[in-house]
Amino acid sequence: MHLTKQKYARLLLEVGVNLQHGQSVLISAEPYHWDFLILLTEEAYKMGARQVVTEVNDARMLKAKVDNIEEEFLETSTSWIDQKYHAMVDENWAKINLFGPRHPQLASNLDKAKLSKIQRAGQIAAKPLSEGCGKGLVSWCGAALPTPEWAAQVFEQPASEALCEKLWHAMVPILRLDEENPSAFWQKHGNAIKQRGERLEALNLSSLHFVGAGTDLTVKCIPNAKWIGGGVFIDGRPDFIPNLPTEESFTTPDFRGTEGTAKVVRPVSVLGRPVEGAWFKFKQGEVVDYGADENKDALDDYFNICPQARYLGEVALVDAKSPIFKSGLVFHCILYDENASSHIALGSGYPMGVPGGLTMN
């Protein structure tokens, strides 16, 4: 398994963020993954990283903040955090986010009003970085590492190290870590998905129509929209794959033209809370009605934080060859579950999906 994890570390660096000689990288993960963080740090320095900085996140720290912080400090940030995000864009950093929770349900039991204020403050503070990522100015990669508690969600069994190992084995073929050279595979696979996007661009689709159980949805496309997939390819900048695994071709739709109803068939995490059985009704682009079987209040808070999130920012196509779909598993992780089937995403759109979008303010 050590060799597999070493392959994974190299994959994230070589293809995920495509780390360049002299480039710095920020890596975020939970304490459980400390050994992998050390391995990733070692491999990054071997590749010539200037600086490797790690951020360790734990849901219990968020709980400590929500439970104990004074009300007047809920929506405040600090200048050094603001400077950090600006510096990452200005200095061309890379960023790796590793999903893998030890306490996946903890956020759902926290004070929702206080949690929403904290999350909104965090989103505002991180805006320079999120915009830099959206424009491809920061190479980033989201990936996942198993934990016993996450494995318990996936397999619906009590958490254990053995179950964690079982999740690892389920992820290996999805990540193609069973290939002799996973990085070479993903470079080839990424190019194949990119070519699929080029064929979609040539069609110059006016709209997409999705029909399924509980879904009859029309999504309007921007004329000459750019279809992105397999990686981020920007002239003059190194290519990178922001999600590993990835099977999707996506674009930024005309947010004003969504009509109909969409039923979400897999659980999604909204503001740290699991939402199941969500559905949305759109009229003239806007969500005018919605509901969920579980945790609808997370959607309420999400739309209160950002009213523009009532509009679509992304539409993506995934074919039935996806190994995530073929696995038959629900991963309770958006990175994996969205790559099992075609999907939509609410909120911010990617400028790179809009013709000329990267040069717009």
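## Close-ups of a predicted model

**Figure 1. Pairing between E5 and E6 in this predicted model.** Start with Phe210, whose bridge partner in E6 is Leu217. Further along, Val211 has Asp216 of E6 as its bridge partner, and for Leu208 the partner in E6 is Val219. Altogether E5 and E6 (residues 215–220) are joined by 6 bridges and run antiparallel. The two strands make a hairpin with 2 residues between them. Look for Gly214 in that turn: its phi is positive, about 80°.

**Figure 2. The two faces of E6, and what E6 pairs with next.** Which residues of E6 sit on its covered face? They are Thr215, Leu217 and Val219. The uncovered face has Asp216, Thr218 and Lys220. So two of the bridge partners from the hairpin view turn up again here: Leu217, partner of Phe210, is on the covered face, while Asp216, partner of Val211, is on the uncovered one. E6 also pairs with E9 (residues 259–263), again antiparallel, through 3 bridges. In that pairing, Thr218 has Glu259 of E9 as its bridge partner.

**Figure 3. The whole open sheet, with H10 lying across part of it.** Zoom out a little and the 5 strands come in the order E5-E6-E9-E12-E13, paired antiparallel. E5 (207–212) and E13 (286–291) are the edge strands; each has a single partner, so one side of each has no neighbour in the sheet. From one strand to the next, the twist averages 25°. Helix H10 (residues 296–305) lies across E12 (279–283) and E13, and runs at about 155° to E13.

**Figure 4. Ala278, in the loop that leads into E12.** Ala278 belongs to the loop between E11 (273–275) and E12. Is Ala278 buried or exposed? It is buried, with a relative accessible area of 2%. Leaving out residues up to four places away in sequence, Ala278 touches Ala262, Lys263, Val264, Gly291, Ala292 and Leu299. If you'd like a distance to check, the C-alpha atoms of Ala278 and Asn295 are 9.0 Å apart, with 17 residues of sequence separation.

**Figure 5. H3 crossing H5.** The axes of H3 (residues 59–68) and H5 come within 9 Å, crossing at roughly 115°. The crossing is right-handed. On the H3 side, the residues that meet H5 are Leu62, Lys65, Val66 and Asp67; on the H5 side, Lys114, Leu115 and Ile118 meet H3. By class, this contact has 4 nonpolar residues, no polar ones and 3 charged ones.

**Figure 6. Ser116, a buried residue of H5.** Stay with H5 (residues 112–125) and pick out Ser116. Ser116 has a relative accessible area of 9%, so it counts as buried, the cut-off being under 20%. What does Ser116 touch, not counting residues up to four places away in sequence? The contacts are Leu271, Arg273, Asp301 and Ile305.

**Figure 7. H7 and its surroundings.** H7 (residues 148–155) is largely enclosed by the rest of the structure, because 7 of its 8 residues are buried. Those are Pro148, Trp150, Ala151, Ala152, Gln153, Val154 and Phe155. The cover over the buried residues includes E3 (94–99), E4 (139–144) and H8 (161–175). Right after H7 comes Glu156, with a positive phi near 55°.

**Figure 8. The largest nonpolar core, seen around Phe331.** This core has 49 residues, and those touching the most other members are Tyr8, Leu12, Leu98, Phe331 and Tyr336. Elements that each supply at least two residues to the core include H1 (2–16), E1 (25–29), H2 (34–46) and H12 (334–337), along with E3, E4, H7 and H8. H8 gives the most, with 7 residues. Setting aside neighbours within four places in sequence, Phe331 is in contact with Trp150, Val154, Leu167, Ile174, Arg266, Ile324, Tyr336 and Asp337. Apart from this core lies another, of 23 residues, including Phe210, Val270, Phe303 and Ala309.

Definitions and conventions:
Residues numbered from 1 in each chain as written. Predicted model: local features only at pLDDT ≥ 70, side-chain atom pairs only at ≥ 80, totals over all residues. Heavy atoms only, no water. Helix = DSSP H or I, 4+ residues; strand = E, 2+ residues; numbered from the N terminus. Buried < 20%, exposed > 50% of the residue type's maximum accessible area, 1.4 Å probe, protein only. Contact = heavy atoms within 4.5 Å. Pairing = 2+ DSSP bridges. Axes fitted to C-alpha atoms, helices over the stretch in contact; angles between N-to-C directions. Left-handed = near helix turned anticlockwise from the far one by under 90°. Nonpolar A, V, L, I, M, F, W, Y, C, P; charged D, E, K, R; others polar. Core = buried A, V, L, I, M, F, W, Y, C linked by side-chain atoms within 4.5 Å.
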